[in-house]
Every structure is written in C-alpha cells, then in structure tokens.
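Me: I'm new to this structure and would love a close look at one part of it, the largest nonpolar core. Could you walk me through that core and the space beside it?

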Amino acid sequence: MTQAGLQLAVVRLGRLTTAGIPCGEALKIIARSGGKAGGPALHLSRAVGRGHSLSAALAGTGLLKTRQVALLRAGERSGDVASAINLLADAMGAEAARRKRLVAALAYPAFLLTMAAAPHHPHNPARATFVERDGRWHPNPAPRLTRTPDGTSTTPRAPASPTPVRRPD
C-alpha cells in the first residue's frame, strides 16, 4: 500500500468513526469500497473483530510508524479514538506535503549534479561529446560528420570586419 493510499484510508476511517460508526464496521466499509486500501482494511477489520484494539492490529502490519501507533493507542485509552484517527490523518497529510516539497526542492540540484557529471561519464570522453574551454565544460557541436567542423578550436574567432555601407548618390 502506498503512503497516499494509507493516508486516504485513515482519512476515511476518521470520517466514519467521527460519524459514530465503530472501528470494525468502518474498516469493513473501507474494505468493501475496494482500491488499494481494501485488503489491509479487511485484515484490520478481522483483527478488530477478534477483539484486538485498532492500535494493536496496526502495530503488527508495519503500515504505520511507532509514533503513529502510539497516537492511536493514546486515543483508545482516552476513549476518543475518532479524534486520534483524525489527528493521525492530519499528521500524515502534513508529512506528505513536506515530502512533496522536499522532492521538489531536490529535483533541480539533482539535475545540476547530473549535468556536472555528464562530461566525465565514460562514453562522453570517448566520443568527445564535451570540450573544456577556460576551465568550463561545453557541449561539442553535433552532428560530428566528416564535413562538419568539430568546433574545438581554442582560439577565439576574430570578429568579422564591418561591411562598408554604400550610400546612393
């Protein structure tokens, strides 16, 4: 089960328990709705039906982290499971948002690191794909056919001389 699927299942469980539906029944409803959460929800509903608490049933699955199971256990002990499930759903949503921001923030540096390593990849020096000029790597022109100049000249080209402008008499 993905983190997004698990979060959705916890949100649904929170809504159903807030509406007054017991955990076991709420889990059966989630299981019947299908999707990726169906299998784990069915397993949990059976465990709750056998007399296990929701936190004990979840602890053995590895779906939730220890602190998340502890939050549910505290809700069970206080008698307010619905609030604990809703807090868990909110925490999971915040964690997913942080993870999404982190991945987005790391995408550009990862791209830059990849481009920085490209000139040194074994197939690029063998094909002279990149050339070093003034301490910086530059892509060589492509295609490198027999009549295409390779552009590896290290001396800069002289600027073209200006063409004299003719004025009509």
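Reply: Happy to! The largest nonpolar core has 26 residues, and Val 10, Leu 13, Leu 27, Leu 54, Leu 64, Leu 72 and Ile 85 touch the most other members. Such a core is a set of buried Ala, Val, Leu, Ile, Met, Phe, Trp, Tyr and Cys residues joined through side-chain atoms within 4.5 Å, where buried means under 20% relative accessible area with a 1.4 Å probe, protein chains only. At least two core residues come from each of H1 (3–18), H2 (23–32), H3 (38–49), H4 (54–59), H5 (66–78) and H6 (81–117); helices here are DSSP runs of H or I with at least four residues, numbered from the N terminus.

A word on the source: this is a predicted model, in which local features need pLDDT of at least 70 and side-chain atom pairs count only at pLDDT 80 or more, while totals for chains, interfaces and linings use all residues. Residues are numbered from 1 along each chain as its sequence is written, and side-chain values use heavy atoms, leaving out hydrogens and water.

Now to Val 10. Leaving aside residues up to four places away in sequence, Val 10 touches Ile 85, Leu 88, Ala 89 and Met 92, a contact being heavy atoms within 4.5 Å.

Val 10 also helps line the largest cavity: of its 18 lining residues, Leu 6, Ala 9, Val 10, Leu 13 and Leu 44 lie nearest the centre. H1, H2, H3, H4 and H6 each give two or more residues to this lining, and H1 has the largest share, four residues. A cavity is a set of points on a 1 Å grid over the protein atoms alone where a 1.4 Å probe fits but cannot get out, and lining residues have an atom within 4 Å of a point.

Technical notes:
Buried means under 20% relative accessible area, exposed over 50%, partly exposed in between (1.4 Å probe, protein chains only). On a 1 Å grid over the protein atoms alone, a cavity is a set of points where a 1.4 Å probe fits but cannot get out, and a pocket is an open set with protein on both sides within 12 Å along at least five of seven lines; lining residues have an atom within 4 Å of a point.
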